[in-house]
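Reader: I should like to discuss this model with you, beginning with a single residue and moving outwards to the whole fold. Please explain the terms as they arise.

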Amino acid sequence: MKTRIEWKDGMSFLGESGSGHTVLMDGPPEAGGRNLGPRPMEMVLMGTGGCTAFDVVLILKKSRQDISDCVVEIEAERAQEEPKVFTRIHFHFILTGKKLKPGQVERAISLSAEKYCSASIMLEKTAELTHDFEILEG
């Protein structure tokens with residue numbers, strides 16, 4: 001896996017993934033940025049959310065659950081001093097589908113957290129990770 005990061009101006013950086021996709025990251029005005037894109041640490045959280053959502057949807061589909069939507073809301077806390085690593089991350093899954101079984105949802109989230117989501121397993125080295133979920137019929 002490769003990526004390329006190019007400094008654009010101020011505190012803006014263009015990231016290009018190995019698969020050819022780009023995203024602009026920027027810093028806050030107080031750090032010389034212009035708020036043109038997400039902060040790099042926000043990208044870490046978004047990537048982790050995407051990683052675990054991917055796993056959960058895939059596991060539920062393979063379990064023949066009729067899932068139609070998956071939203072992951074993430075709240076995180078960081079250390080006060082440098083390096084400002086994540087110290088606590090909470091994942092709240094909102095899953096929509098027809099007759100989704102809570103046990104299957106819980107299993108999918110656990111498998112992602114404990115076995116498949118490389119990003120959250122890495123972050124677990126510095127942060128306390130917690131999960132919960134709600135199921136909506138639809």
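Reader: In which helix is T48 found?

Author: This is a predicted model, in which local features need pLDDT of at least 70 and side-chain atom pairs count only at pLDDT 80 or more, while totals for chains, interfaces and linings use all residues. Residues are numbered from 1 along each chain as its sequence is written, and side-chain values use heavy atoms, with hydrogens and water left out. Helices (H or I, at least four residues) and strands (E, at least two) are DSSP runs numbered from the N terminus. On that basis, the helix that holds T48 is α1.

Reader: Is T48 buried or exposed?

Author: A residue is buried under 20% relative accessible area, exposed over 50% and partly exposed in between (1.4 Å probe, protein chains only). The relative accessible area of T48 is 2%. By that cut-off, T48 is therefore buried.

Reader: Which residues does T48 contact, leaving aside its neighbours within four places in sequence?

Author: Contact means heavy atoms within 4.5 Å. With the neighbours within four places set aside, the partners of T48 are F91, C117, A119, S120 and L123.

Reader: What distance separates the C-alpha atoms of T48 and M122?

Author: Along the chain, T48 and M122 are 74 residues apart. In space, the separation of their C-alpha atoms is 9.7 Å.

Reader: Which strand pairs with β5 in the parallel sense, over ten bridges?

Author: Two strands pair if DSSP finds at least two bridges between them. Strand β5 covers residues 86–98, and its parallel partner, joined to it by ten bridges, is β6.

Reader: What is the bridge partner of F91 in β6?

Author: F91 is one of the residues in contact with T48. Across to β6, F91 is bridged to H131.

Reader: In what order do the strands of the sheet with mixed pairing lie?

Author: This open sheet has three strands, and its pairing is mixed. Its edge strands, each pairing on one side only, are β4 (66–78) and β6 (128–137). Neighbouring strands are turned by 15° against each other on average, direction ignored. The order is β4-β5-β6.

Reader: What angle does the direction of α1 make with that of β4?

Author: Helix α1 packs on the sheet and touches β4 and β5. Axes are lines fitted to C-alpha atoms, for helices over the stretch in contact, and angles run from 0 to 180 degrees between N-to-C directions. For α1 and β4, the angle is about 150°.

Reader: How many bridges join β4 to β5?

Author: These two strands run antiparallel. One of the facing pairs sets I67 opposite G97 in β5. The number of bridges that join β4 to β5 is twelve.

Reader: Which helix lies across β5 and β6?

Author: The helix in question spans residues 102–116 and runs at about 150° to β6. The two strands beneath this question are bridged at pairs including I94 with E134 in β6. The helix is α2.

Reader: How many of the 13 residues of β5 are buried?

Author: Strand β5 is largely enclosed by the rest of the structure, because most of its residues fall in the buried class. Of its 13 residues, the number buried is ten.

Reader: Which strands form the open sheet whose pairing is antiparallel?

Author: This sheet is made of three strands. At its edges lie β1 (3–9) and β3 (22–25), each pairing on one side only. Neighbouring strands are turned by 20° against each other on average, direction ignored. The strands, in order, are β1-β2-β3.

Reader: Which residue of β3 stands opposite G15?

Author: Strand β2 (residues 12–17) and β3 pair in the antiparallel sense over four bridges. The residue of β3 that faces G15 is V23.

Reader: What pattern does the protein follow along the sequence?

Author: In total there are three helices and six strands. Read along the sequence, they follow the pattern β-β-β-α-β-β-α-α-β.

Reader: What share of the contacts with a separation of 6 or more is made by residues 24 or more positions apart?

Author: The C-alpha atoms fill a box of roughly 50 × 35 × 25 Å along the principal axes. Of the 138 residues, 31% are buried. Among contacts with a separation of 6 or more, the share from residues 24 or more positions apart is 51%.
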